[in-house]
Amino acid sequence: MSRIESINDFVIKFANVNGSGSASANELFAKAIMRMGVPVSPRNIFPSNIQGLPTWYEARVCEAGYNGRRGGVDMMVAMNPQTWDSDVAEIEPGGYLFYDSTRPLLASQLRDDIEVVGVPLTDISNAAYSEPRQRQLFKNIIYVGALSMLLGVEAQVFEALFAEQYKGKERLLDSNIQALHLGRDYVKQHLPTPLGIQVRRSNQVGDQIFTDGNSAAALGCIYGGATVAAWYPITPSSSVPEAFQKYCEKFRIDPITGQHRFAIVQAEDELASIGMVVGAGWNGARAFTATSGPGISLMAEFIGLAYFAEIPVTIINVQRGGPSTGMPTRTQQSDLLACAYASHGDTKHVLLLPQDPHECFEQAAAALELADRLQTPIFLMTDLDIGMNQRLCKPFAWEPDRSYDRGKVMTAQELEAGKDFGRYKDVDGDGIAWRTLPGTHPTKGAFFTRGTTRDPYARYSERGQDYVYNMERLLRKFKTAATLVPQPVLRQAKEATPLGVIYFGSTSAAMAEALDVLATQGVHIDALRLRAFPFAQSVPDFIAAHPQVFVVEQNRDAQMHALLVNELDIDPARMVRVLHYDGTPITARFIATAIKQRLATRKEVA
């Protein structure tokens with residue numbers, strides 16, 4: 001058997017049971033590797049039930065810095081008998097199986113093309129601890145210790161992490177360090193080391209930070225000026241408002257008076273939450289809600305009101321598998337059409353498409369700014385993979401003298417001076433009308449709004465020409481939005497090519513690696529990463545410049561493909577769908593294989 005040999009470049013996957021306390025141990029393992037200067041990209045795969053079902057934690061160790069899923073598993077830490085067969089089947093030929101050898105295995109449970117590493121974790125834990133819960137929790141630390149010895153991760157790194165975590169709680173600190181060394185000592189005494197896969201100190205992490213997209217988006221809302229959040233709990237978005245509350249308690253409390261300068265409401269349902277946010281936006285606050293697909297469905301009527309009455313609203317949609325309850329703890333990019341055209345009638349909404357926590361921070365702040373400038377709902381379209389998984393990204397940055405742009409807001413002085421105020425009148429040709437905040441002037445300006453048709457001065461009207469004027473103005477505003485939203489990012493191939501690929505959001509991490517892999521195999525592709533809808537002019541220009549364009553996305557119905565065809569009047573035959581929608585994050589292997597297969601098929605047809 002030829003075993004996998006690799007330094008600082010492998011995939012390790014932990015198979016556990018939900019509720020066993022393994023999550024913190026697995027995260028500790030990933031952080032320790034990162035502390036050794038080696039980039040790590042972990043992903044937690046967990047069930048929607050509270051306890052007892054299988055859960056997995058996959059960590060990509062990659063000195064080259066790729067943080068998308070590669071595909072395949074080099075080492076499986078198999079701690080769950082329920083999923084044993086499928087877990088063992090995932091291991092690459094020449095890979096490694098680590099398991100609790102307290103109970104012997106049958107030969108039929110193993111494979112002859114992998115290396116098996118057994119440590120009697122239960123026996124070690126039972127000998128050291130008497131209380132059942134302690135035995136379970138510390139068994140997780142024992143296997144982390146054993147793995148650290150097998151893979152060459154330094155004990156001091158773990159000890160430093162424990163010291164940070166249990167500062168002032170020396171009893172817990174000592175017991176965790178003891179459990180770590182129980183695992184390390186067993187490997188030293190009984191097993192040959194090192195394995196073929198190893199971790200060695202490097203300096204490839206640099207100044208990158210390790211965080212998740214939901215926390216980053218919440219902090220972006222703080223810096224973007226949000227003072228109101230209303231929400232209803234739903235996986236996988238709940239940690240956005242929870243993090244926002246934590247940050248508000250740090251940054252939104254007056255240090256002198258102690259007065260809270262924020263309002264956070266956990267509403268009774270999604271309808272109430274979006275209603276509160278619309279009301280706050282009408283009154284001049286920067287406000288947001290966070291939800292997922294089912295919440296968007298329930299919010300649709302209020303979203304339509306905000307669009308038609310032209311009220312600034314920010315909606316953070318952390319997408320998950322659907323429809324209906326779907327897969328609450330799995331990831332997809334399947335709410336694009338639902339959000340782009342949310343509500344009944346003719347509506348079009350701005351979507352921002354961040355690729356990582358860094359852009360979640362930037363674009364959350366940008367969403368609040370755009371909502372004010374465009375006076376409309378803005379959707380931040382993240383997903384579970386970005387939102388709930390920690391990853392390395394560029395540090396957040398904010399210019400200290402940066403000021404907020406509230407857009408076209410007329411002042412009391414301007415109203416008093418007799419400046420013409422038509423709440424829904426286009427005076428600048430960009431489709432954006434002037435607004436006033438309620439109470440700006442005692443007798444002039446707008447105090448109320450409604451969702452019915454009106455003339456440019458907000459007077460009720462069902463005249464056809466007034467309706468057409470308003471709807472065409474909203475279209476002009478949407479075209480203006482295309483110049484204000486984050487622009488696409490072009491990655492040109494090193495050689496001239498007729499092939500192009502369009503992608504967005506969390507697909508970006510795997511795409512970066514897939515493009516490099518394809519290039520080494522002689523397949524050169526120009527790539528355009530979308531960062532927003534409506535599309536900038538560079539998008540149709542890119543498609544026109546390439547006879548064949550792949551559109552890679554994580555949903556069944558090719559929703560981005562449909563948006564491109566519908567909005568840009570593109571011939572669908574020019575664009576090839578590459579779709580992944582099993583709920584797991586897309587992998588570089590999947591993308592590269594799918595593109596090569598489609599190219600081969602087209603050659604055969606030609």
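Helix H1 covers residues 22–35 of this predicted model. It has 14 residues. From its first C-alpha to its last, H1 reaches 20 Å. That is close to the 20 Å expected at 1.5 Å a residue. Several residues of H1 are buried, among them Ser22, Ala25, Asn26 and Leu28. Phe29, Ala30, Ala32, Ile33 and Met34 are buried as well. After H1 comes Gly37. Its phi is positive, near 85°.

Two of those buried H1 residues, Asn26 and Ala30, lead to the next stop. Both are touched by Tyr57. Tyr57 sits in strand S4, which runs over residues 54–62. Its relative accessible area is 7%, under the 20% cut-off, so Tyr57 counts as buried. What does Tyr57 touch, leaving aside residues up to four places away in sequence? From H1, the residues 22–35, the list includes Asn26, Glu27 and Ala30. Ile12, Lys13 and Phe14 are also touched by Tyr57. So are Pro42, Arg43 and Asn44. Glu553 offers a reference point elsewhere in the chain. Tyr57 and Glu553 are 496 residues apart along the chain. Their C-alpha atoms are separated by 23 Å.

Now step back to the whole protein. It has 19 helices and 22 strands. The C-alpha trace spans about 90 × 70 × 40 Å along its principal axes. How does the radius of gyration fit a compact globule? With 606 residues, such a globule would have a radius near 25 Å. The protein has 27 Å, which agrees. Of the 606 residues, 56% count as buried. Contacts can also be sorted by distance along the chain. Take those with a separation of 6 or more. Residues 24 or more positions apart account for 75% of them.

The surface comes next. The protein exposes about 25,500 Å². Carbon and sulfur atoms supply 52% of that area. Charges can be counted too. There are 59 positive and 66 negative charges. The mean positions of the two sets are 2 Å apart.

Some details of the backbone deserve a look. Start with two cis peptide bonds. One joins Thr235 and Pro236, with omega about 5°. Pro236 lies in the loop between strand S10 (228–231) and helix H8 (239–251). Another cis bond runs from Gly322 to Pro323, and its omega is near 0°. Where is Pro323 found? Its place is the loop between strand S13 (313–319) and helix H11 (336–340).

Positive phi values appear in two alanines as well. Ala458 has a phi of about 70°, although it is not a glycine. Ala458 lies in the loop between helix H14 (412–416) and helix H15 (464–484). Is Ala458 buried or partly exposed? Its relative accessible area is 34%, so Ala458 is partly exposed. Ala558 also has a positive phi, near 55°. Its loop lies between strand S21 (548–553) and helix H18 (559–568). The relative accessible area of Ala558 is 1%, so this residue is buried. To follow these two alanines in the model, look for Ala458 between H14 and H15, then for Ala558 between S21 and H18.

Terms used:
Residues are numbered from 1 along each chain as its sequence is written. This is a predicted model: local features need pLDDT of at least 70, side-chain atom pairs count only at pLDDT 80 or more; totals for chains, interfaces and linings use all residues. Side-chain values use heavy atoms; hydrogens and water are left out. Helices (H or I, at least four residues) and strands (E, at least two) are DSSP runs, numbered from the N terminus. Buried means under 20% relative accessible area, exposed over 50%, partly exposed in between (1.4 Å probe, protein chains only). Contact means heavy atoms within 4.5 Å. The radius of gyration is taken over C-alpha atoms; the globule rule is 2.2 Å times the number of residues to the power 0.38. Accessible areas come from the Shrake-Rupley method with a 1.4 Å probe; for residues, only the protein chains shown count as cover. Lys and Arg count as positive and Asp and Glu as negative; His and the chain ends are not counted. The place of a charge is taken as NZ of Lys, CZ of Arg, CG of Asp or CD of Glu. The expected span of a helix is 1.5 Å times one less than its number of residues.
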